[in-house]
Amino acid sequence: MKVLDLNISFEQYNDIAELNDKDRSLCEQSEQALSGSYSPYSKFRVGTAIRLKSGQVILGSNQENLAYPSGLCAERVALFSIGATYPEAIIESMAITAQTDHFEILKPVTSCGGCLQVMVEFERKQSSPIEVIFYCLNGEILKVPSVKSLLPFAFVEDRLER
Ligand code: THU
């Protein structure tokens with residue numbers, strides 16, 4: 001038996017002003033995406049902005065449903081939209097933010113496991129890393145260099161692709 005360790009490196013910023021221009025713009029666009037959220041049940045808005053290699057930015061927001069499991073997270077709304085509309089696109093970076101009128105969000109909201117598994121698949125498909133920026137409005141920002149580091153034990157089975 002042996003015990004193995006996994007380490008992940010990520011960047012932490014105290015303010016959006018510390019980010020480079022591209023990252024700051026992506027965070028601002030994730031905030032704009034919040035306006036598209038349909039979240040009458042949780043009243044928790046999530047927005048994402050995804051920058052493609054072409055420079056184009058695709059927005060997504062959480063879309064809920066009275067039959068709760070039929071709803072979808074912001075990240076997957078945007079990613080599946082890219083998959084359907086721009087199947088050859090290369091994703092460079094995505095920013096995610098959240099907002100609610102019911103309490104103050106003090107820390108960056110990180111993506112759920114289901115979204116991470118989908119993000120991993122997009123990253124594997126394009127064979128290049130996708131940066132992920134978790135942006136707390138008026139708070140700290142975390143930047144991770146690739147999705148893989150967020151879900152190192154993602155479900156992967158290449159033989160299913162045959
Ligand atoms: N949500 C997201 O949009 N992304 C995540 O990664 C986690 C949660 C949404 C789903 C639901 O509409 C609301 O946040 C509360 O769970």
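I'll start at the ligand, with C112: one of its backbone N or O atoms lies 2.9 Å from an oxygen atom of the ligand. Keep in mind that this is a predicted model.

Two side chains also make polar approaches. In E64, a polar side-chain atom is 2.5 Å from an oxygen atom of the ligand. In E75, a polar side-chain atom is 2.8 Å from a nitrogen atom of the ligand. As for how much of the ligand is covered, it exposes 370 Å² when taken alone, and the protein buries 74% of that.

Where does the ligand sit? It sits in the largest pocket. Two elements each give two or more residues to the shell around it, namely β2, residues 44–52, and α2, residues 74–85.

Here is the full list of residues around the ligand: S42, F44, V46, N62, E64, C73, A74, E75, S111 and C112. By class, that shell divides into 5 nonpolar, 3 polar and 2 charged residues. The charged ones are E64 and E75, and each of them has already come up, E64 with its contact to a ligand oxygen and E75 with its contact to a ligand nitrogen.

Now to the salt bridges. How many are there in the whole structure? The search finds 7. One of them pairs K143 with D23, with the closest N and O atoms 2.7 Å apart. This pair links distant parts of the chain: K143 belongs to strand β6, residues 141–144, while D23 belongs to helix α1, residues 21–33, and the two are 120 residues apart.

That is what I have on the ligand site and the salt bridges.

Note on methods: Residues numbered from 1 in each chain as written. Predicted model: local features only at pLDDT ≥ 70, side-chain atom pairs only at ≥ 80, totals over all residues. Heavy atoms only, no water. Near = heavy atom within 4 Å. Polar contact = N/O pair within 3.5 Å; in protein donor to acceptor, adjacent residues only side chain to side chain. Areas by Shrake-Rupley, 256 points an atom, 1.4 Å probe, with all protein chains shown as cover. 1 Å grid on protein atoms, 1.4 Å probe; cavity = no way out; pocket = protein on both sides within 12 Å on 5 of 7 lines; lining within 4 Å. Sits in = over half its atoms within 2 Å of the grid points. Helix = DSSP H or I, 4+ residues; strand = E, 2+ residues; numbered from the N terminus. Salt bridge = Lys/Arg side-chain N within 4 Å of Asp/Glu carboxyl O.
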